[in-house]
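Colleague: I have this model open and would like to go through it with you. Can we start with the strands?

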Amino acid sequence: MTWDTIILGAGAAGMMCATQCGGRTLVLDHAKAAGEKIRISGGGRCNFTNMYAGPENFLSGNPHFCKSALSRYTQWDFIELVAAHGIAYHEKTLGQLFCDTSAKEIIAMLRAEMTKAGAELWLETSIINVGHDGTAYSVTVEASGKRQTLTCTNLVLATGGKSIPKMGATGLAYDIARQFGLRVTDIRAGLVPFTFSDGRFKDISGVAHPVCATANGTEFDEAMLFTHRGLSGPAMLQISSYWHEGQSISINLFPDSDPFEELRTRRQDYGRRNLTTELATLLPTRLVDHLSQHMDLSGNLADQSDTLLRTLCDGLKSWEMIPSGTEGYRTAEVTLGGIDTDCLSSKTMEAKTQSRLFVIGEAVDVTGWLGGFNFQWAWSSGWAAGQAISAT
Ligand SMILES: Cc1cc2nc3c(=O)[nH]c(=O)nc-3n(C[C@H](O)[C@H](O)[C@H](O)COP(=O)(O)OP(=O)(O)OC[C@H]3O[C@@H](n4cnc5c(N)ncnc54)[C@H](O)[C@@H]3O)c2cc1C
């Protein structure tokens, strides 16, 4: 069976690409349904883009690489598509756009656009191997126990990264890329909770607090959540992408204020009040209880000299710790690293040394922050490759 284009992976990037390719396009996926990560994303409402998306929201070996695709298919283009399909959405916070009803609407929209473009979708299809004879690609697949070899002119790798293997994530794109001589950078889990092997936050699991969290010089002002295993919440997921094993992270429990002046004023007026009682008006009570087991918070306000208060407040504004690790690919929202951008054209996503081989989405060494940026990269890179294919 001969196709103009075969796209491996019916996720966000693969489906978007299929809407643009034109010609005879086939999308293959081993999953039972297309767009499974879209379905579970954003708590079932899919944070499908971010109004403020720009190149500065992405990590990559080459921070300039994502600029071309992001500027040619922007968040506003995707928002227009969502609106044209009558999907209601809202901004939750920080420019993050979510469906009002269900992420399934985004999948249905992409499926409808694929149908309009004449693209075919084969699910529950295993990809056995891929080859190239100098003119065309061959893709051997197996479905319902039947094996066959398909050929195509354009091959698109859109099988994503390694995060959430339970949902069918594999390293297939990396393996095929290597087979054709493309480099793959080191990869690791990103947007992932931190773990502490001593279970130090078990007693305050479930407590959340807004913080400014820093790792490797990059900081994020968002909520933090203590868990049985360690630290989670948006602030922690964001800095996890900048953190490397063995490094410390810093947490500012008072991102918008300095409690020093506040506690000094209260010391004048209410010197006989307990320090912990006063702190519990500024921080969650369970967090203060936890802190009091690890630092000296005994005594009344009147017992605290300026020096003691300063030391305490500095500690609360710069709480340093070294995580044991992260929860890894099991729960990571993304895979950092991937197919080296040096091997790809930023305009078309085509491999520089392997004609008609394209790589899009999370498989590429471009990773977004939390907040709709990863889907925007999937849409933009998928669109760029699809347009390039349709132009040939
Ligand atoms: C829990 C969770 C929530 C998330 N929420 C958001 C969010 O709200 N906003 C946001 O921007 N990003 C979010 N992300 C990240 C986002 O889902 C990904 O960055 C995005 O889906 C990447 O798109 P992709 O098309 O490159 O890969 P995927 O969407 O992962 O698609 C890859 C496809 O390839 C298929 N595949 C893989 N290996 C094989 C193989 N060997 N054979 C055949 N098929 C294969 C898979 O079944 C899958 O359908 C979330 C991720 C997770 C895990």
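Colleague: Which residue is the bridge partner of threonine 2 in strand 10?

Modeller: Threonine 151. Keep in mind that this is a predicted model. Strand 1, residues 2-8, and strand 10, residues 146-157, run parallel and are joined by six bridges.

Colleague: And how many bridges pair strand 1 with strand 2?

Modeller: Four, again in the parallel sense, with strand 2 covering residues 25-28. Within that pairing, isoleucine 7 has valine 27 as its bridge partner.

Colleague: How many residues of strand 1 are buried?

Modeller: Five of the seven, so strand 1 is largely enclosed by the rest of the structure.

Colleague: Next, the hairpin. In which sense do strand 8 and strand 9 pair?

Modeller: Antiparallel, over six bridges, with strand 8 at residues 126-132 and strand 9 at residues 137-143. Isoleucine 127 has valine 141 of strand 9 as its bridge partner.

Colleague: What about the turn, which residue takes a positive phi there?

Modeller: Glycine 134, with phi near 105°. The hairpin has four residues between the two strands.

Colleague: A glycine doing that is no great surprise to me. Which leucine has a positive phi near 50°?

Modeller: Leucine 94 has one, and leucine 191 also has a positive phi, of about 50°. As background, most residues other than glycine have a negative phi.

Colleague: Where does leucine 94 sit?

Modeller: In the loop between strand 5 (89-91) and strand 6 (96-99). Leucine 191 is in the loop between strand 11 (188-190) and strand 12 (194-195).

Colleague: Is leucine 191 buried or exposed?

Modeller: Buried, because its relative accessibility is 1%. Leucine 94 has 48% relative accessibility, so it counts as partly exposed.

Colleague: Now the open sheet of seven strands. What is the strand order?

Modeller: The order is 17-16-13-14-15-12-18, with antiparallel pairing. Strand 17 (319-321) and strand 18 (325-326) stand at the edges, and each has a single partner strand, so one side of each is left without a neighbour in the sheet.

Colleague: Give me one pairing from inside that order. How many bridges join strand 13 to strand 16?

Modeller: Three, between strand 13 (residues 208-215) and strand 16 (residues 249-252), which run antiparallel. Threonine 214 stands opposite serine 250 of strand 16.

Colleague: Enough strands. Which residues of helix 8 are buried?

Modeller: Pro259, Phe260, Leu263 and Arg266, in a helix that spans residues 259-269. They cover an arc of only 130° around the axis, which puts them on the same side of helix 8.

Colleague: Why would residues spaced like that end up together?

Modeller: An α-helix has 3.6 residues a turn, so residues three or four places apart point the same way.

Colleague: What do the buried residues of helix 8 pack against?

Modeller: Helix 9 (275-279) and helix 11 (306-317). On the other side of helix 8, Gln268 and Asp269 are exposed.

Colleague: Over to the C-terminal part of the numbering. Which helix holds alanine 388?

Modeller: Helix 12, residues 373-390. Alanine 388 counts as buried because its relative accessibility is 16%, and the cut-off for buried is under 20%.

Colleague: What is alanine 388 in contact with, leaving aside its neighbours within four places in sequence?

Modeller: Thr348 and Phe358.

Colleague: And how many Å separate the C-alpha atoms of alanine 388 and arginine 267?

Modeller: 68 Å, with the two residues 121 apart along the chain. The C-alpha atoms of the protein fill a box of roughly 85 × 40 × 40 Å along the principal axes.

Colleague: Some totals before I go. How many helices and strands are there?

Modeller: There are 12 helices and 21 strands. The protein has 392 residues, and 53% of them count as buried.

Colleague: What share of the contacts with a separation of 6 or more is between residues 24 or more positions apart?

Modeller: 71%.

Colleague: And the surface, how much of it belongs to carbon and sulfur atoms?

Modeller: 49% of an accessible surface of about 16,700 Å².

Colleague: Last one, charges. How many positive and negative ones are there?

Modeller: 33 positive and 41 negative, and their mean positions are 5 Å apart.

Technical notes
Residues are numbered from 1 along each chain as its sequence is written. This is a predicted model: local features need pLDDT of at least 70, side-chain atom pairs count only at pLDDT 80 or more; totals for chains, interfaces and linings use all residues. Side-chain values use heavy atoms; hydrogens and water are left out. Two strands pair if DSSP finds at least two bridges between them. Buried means under 20% relative accessible area, exposed over 50%, partly exposed in between (1.4 Å probe, protein chains only). Contact means heavy atoms within 4.5 Å. Accessible areas come from the Shrake-Rupley method with a 1.4 Å probe; for residues, only the protein chains shown count as cover. Lys and Arg count as positive and Asp and Glu as negative; His and the chain ends are not counted. The place of a charge is taken as NZ of Lys, CZ of Arg, CG of Asp or CD of Glu. The arc is that of the directions from the helix axis to the C-beta atoms.
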